[in-house]
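Please open the model in your viewer and keep the sequence panel beside it. This tour goes from one selection to the next and says, at each stop, what can be found there.

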Amino acid sequence: MSPSLSPESPVAAKVFPSPNHGERKDGQHPSMIILHYTGMPDAGEALQWLCNPVSQVSAHYFVFEDGRVLQMVPEARRAWHAGVSSWNGESDINSRSIGIEIANPGHPGGLPPFPDAQMESVVALTKDIVTRWRIPAVRVLAHSDVAPGRKLDPGEGFPWERLHRAGVGHRVAPAPIRDGRFFSRGDQGMPIEALQAMLAMYGYGLRINGTFDEDTEKVVTAFQRHFRPERVDGVADASTITTLRDLIATRPANPTA
Ligand SMILES: [Zn+2]
């Protein structure tokens, strides 16, 4: 992509090209959006890294704290942002998605809030992309959703409800946290199998084996980060399970349509 080209989204101010992209495989087109934080203290450095051929990483768009948006990779091309990942039984997430990097120091920087101006741009950009590519609400996801064992971004401080209010993404109000029965590491049996089946049904890459193992804990943690951020502890309490059940119940009938 030449810098003289204009961005594909009207929300982006200009093109700042990254060489790190390839062809989408198996004729895939964008059918999901993956949100990231940069996880670096300095946005400019993060941007340079995403455009450095040595890094072998990139995204389609970059959103600064002040709301400025740059396009780095053409939407038709496969940017390199998700890495080893899976959703809904599909593993090549890069071929299926548009990746957006949001400048934020992330967990290493103490999870500072995402400024208003930045969130306004994220809302406008995601809204534009889901409309143009007809991306289903249930496929606007966190990097941590598709790579729960490896990634934490954009983190439990990301205001998903703000996107949802603007009609972007799938969300239910998290069920209130109360005391009661819960499941955690080491538990086994039918309830664990049912929990794993529900998480897998929603899209998470997880083996259904009836044991609350390390992978299950990581997926429960990723689920909480996105959908029940008030407590992110990897323990499947009643609030977590009810929130998951409500999400499945309110999922559009044909999520891939
Ligand atoms: Zn990421």
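The stops below begin at a metal site, pass through two single residues and end at a group of helices. Please keep in mind throughout that this is a predicted model.

**First stop: the zinc ion**

Select the zinc ion and show the side chains around it, and you will find that His36 and His143, each through its ND1 atom, and Asp153, through OD, coordinate the ion at 2.1 Å. If you then look along the sequence, the donor residues follow the spacing H-x106-H-x9-D. Histidine 36 belongs to strand S3, residues 32–37, while aspartate 153 sits in the loop between helix H4 (143–146) and helix H5 (160–165), so this pair ties together parts that lie 117 residues apart in sequence. Are these two residues buried or exposed? Histidine 36 has a relative accessible area of 1% and is buried, and aspartate 153, with a relative accessible area of 5%, is buried as well.

**Second stop: alanine 147**

Stay with the loop between H4 and H5, and select alanine 147, which has its place there. Its relative accessibility is 4%, so it counts as buried, the cut-off being under 20%. Which residues does alanine 147 touch, once neighbours within four places in sequence are left aside? The contacts are with Val84 and Ser85, and if you draw a distance from the C-alpha of alanine 147 to the C-alpha of serine 85, you should read 4.8 Å, although the two residues are 62 places apart in sequence.

**Third stop: glutamine 118**

Now select helix H3, residues 116–133, and pick out glutamine 118 within it. With a relative accessibility of 0%, glutamine 118 counts as buried. When residues up to four places away in sequence are not counted, glutamine 118 touches Val63, Phe64, Glu65, Gly67, Ile102 and Ala103.

**Fourth stop: helices H6, H7 and H8**

Select helix H8, residues 238–249, and place a distance between its end C-alpha atoms: they are 16 Å apart, which agrees with the 16 Å that its 12 residues should span at 1.5 Å a residue. Colour the buried residues of H8, which are Ser239, Thr240, Ile241, Thr243, Leu244, Leu247 and Ile248. These buried residues pack against helix H6 (190–202) and helix H7 (214–227), so it is useful to add both helices to the view and to take them in pairs.

Begin with H6 and H7, whose axes come within 11 Å and cross at roughly 55 degrees. That angle makes H6 oblique to H7, and their contact is made by Leu195, Gln196, Leu199 and Tyr202 of H6 together with Thr216, Val219, Val220, Phe223 and Phe227 of H7.

Turn next to H7 and H8, where the axes come within 11 Å and cross at roughly 70 degrees; the two helices are therefore roughly perpendicular to each other. Here the contact involves Val220, Phe223, Gln224 and Phe227 of H7, and Thr240, Thr243, Leu244 and Leu247 of H8.

Finish with H6 and H8, whose axes come within 10 Å and cross at roughly 40 degrees, and which are therefore oblique to each other. The crossing of H6 and H8 is left-handed, and the contact is formed by Leu195, Met198, Leu199, Met201 and Tyr202 of H6 with Ile241, Leu244, Arg245, Leu247 and Ile248 of H8.

How values were computed:
Residues are numbered from 1 along each chain as its sequence is written. This is a predicted model: local features need pLDDT of at least 70, side-chain atom pairs count only at pLDDT 80 or more; totals for chains, interfaces and linings use all residues. Side-chain values use heavy atoms; hydrogens and water are left out. Donors are N, O and S atoms within 2.8 Å of the metal (3.2 Å for Na, K and Ca); water is not among the atoms, so sites may look incomplete. Helices (H or I, at least four residues) and strands (E, at least two) are DSSP runs, numbered from the N terminus. Buried means under 20% relative accessible area, exposed over 50%, partly exposed in between (1.4 Å probe, protein chains only). Contact means heavy atoms within 4.5 Å. The expected span of a helix is 1.5 Å times one less than its number of residues. Axes are lines fitted to C-alpha atoms, for helices over the stretch in contact, and angles run from 0 to 180 degrees between N-to-C directions. Angles under 35 degrees count as roughly parallel, over 145 as roughly antiparallel, 65 to 115 as roughly perpendicular and the rest as oblique. A crossing is left-handed if the near helix is turned anticlockwise from the far one by less than a right angle, and right-handed if clockwise.
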